[in-house]
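The exercises below are meant to be worked with the structure in view. Try each task before reading its solution.

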Amino acid sequence: MKLKLISLLLSLTGCSSYGQGVVIDQQSTNLIEGAAFLQSGQPMGQSFTPTLSSVGFVLLNLYDGDVFNNAGGTVYVNLRSNSITGAILSSSTAVFMPHDFFGITNFFFSTPVAVAPGTPYYLQPVAQLGSDGFGSYVTDGSYARGSEIYQGGSVVGQNLWFQEGILGVPEPSPIWLAWLGGAAWLLVRRHCQ
């Protein structure tokens, strides 16, 4: 019996997979009500107040607003402190989007950016030079912990559609769960004999 259990545990080891969790910290979620243009609206972005102590990614709902230019574009996000023109804490990796793109885009920071929970921070999407005229979809003001910023000023009652959070929340591996379960079973069985 012990040999069968050990064989089972070893076979489970060979077909393991590691999980990776995602934690959404802050987000605006309501329907789209408008748009904010990345290039002409600078400095533009979204203020937010995190509850977690770091930011690992940002999702924005973007679209290519220039139907006459077939270049597509490359966009990245600055995470700023104090204001939309404040110190850049980190910049995300740049993401290329093809001509006529529209949809939710993931922007990842190379390492999680440390932030102070309860303190306002600013997400600033930036289209690199030569990009089509990209825009970000805007939603209503249901997100109460920040607001859209356009041409340097806060837009009352509006938010960019966004999500921010962290990646890599450890989840137990199936290998370790199988080994732990097998070890617990052996201990209980041995103790009951």
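**Exercise 1. Two loop residues**

Task: State whether D100 is buried, partly exposed or exposed, and locate D100 in the chain.

Solution. D100 is partly exposed, having a relative accessible area of 47%. On this scale buried means under 20% relative accessible area and exposed over 50%, with partly exposed in between (1.4 Å probe, protein chains only). D100 sits in the loop between β7 (95-97) and β8 (102-114). Strands here are DSSP runs of E with at least two residues, helices are runs of H or I with at least four residues, and both are numbered from the N terminus. The phi of D100 is near 70°, a positive value in a residue other than glycine.

N82 can be treated in the same steps. N82 belongs to the loop between β5 (73-81) and β6 (88-91). Its phi is positive, about 75°, although N82 is not a glycine. With a relative accessible area of 68%, N82 is exposed.

A note on the source: this is a predicted model, in which local features need pLDDT of at least 70 and side-chain atom pairs count only at pLDDT 80 or more, while totals for chains, interfaces and linings use all residues. Residues are numbered from 1 along each chain as its sequence is written, and side-chain values use heavy atoms, with hydrogens and water left out.

**Exercise 2. The loop between β2 and β3**

Task: Find which peptide bond is cis at P43, and describe what Q39 touches.

Solution. Start with P43, which is placed in the loop between β2 (32-37) and β3 (45-48). The bond from Q42 to P43 is the cis one, with omega near -5°.

Next take Q39, which lies in the loop between β2 and β3. Q39 is partly exposed, at a relative accessible area of 36%. Leaving aside residues up to four places away in sequence, Q39 is in contact (heavy atoms within 4.5 Å) with A127, S131, D132, G133 and F134.

Then look for polar contacts. Such a contact is a pair of N or O atoms within 3.5 Å; within protein, one must be able to donate a hydrogen and the other to accept it, and residues adjacent in sequence count only if both atoms are side-chain atoms. The side chain of Q39 comes to 2.7 Å from the backbone oxygen of D132. A polar atom of that side chain also lies 3.2 Å from the backbone nitrogen of F134.

Finally, compare sequence and space: Q39 and L129 are 90 residues apart along the chain, and their C-alpha atoms are separated by 9.2 Å.

**Exercise 3. Strand β10 and its partners**

Task: Determine which strands β10 pairs with, and how many of its residues are buried.

Solution. Two strands pair if DSSP finds at least two bridges between them.

1. β2 and β10 run antiparallel and are joined by five bridges; I32 stands opposite T139.
2. β4 (residues 54-64) pairs with β10 in the antiparallel sense over three bridges, and L62 has S136 as its bridge partner.
3. β13 (residues 158-160) is antiparallel to β10 and joined to it by three bridges; here T139 stands opposite N159.

As for cover, six of the seven residues of β10 (residues 134-140) are buried.

**Exercise 4. The whole chain**

Task: How many helices and strands are there, and what share of the residues is buried?

Solution. The chain holds two helices and 14 strands. Of its 193 residues, 41% are buried. Among contacts with a separation of 6 or more, 81% involve residues 24 or more positions apart.
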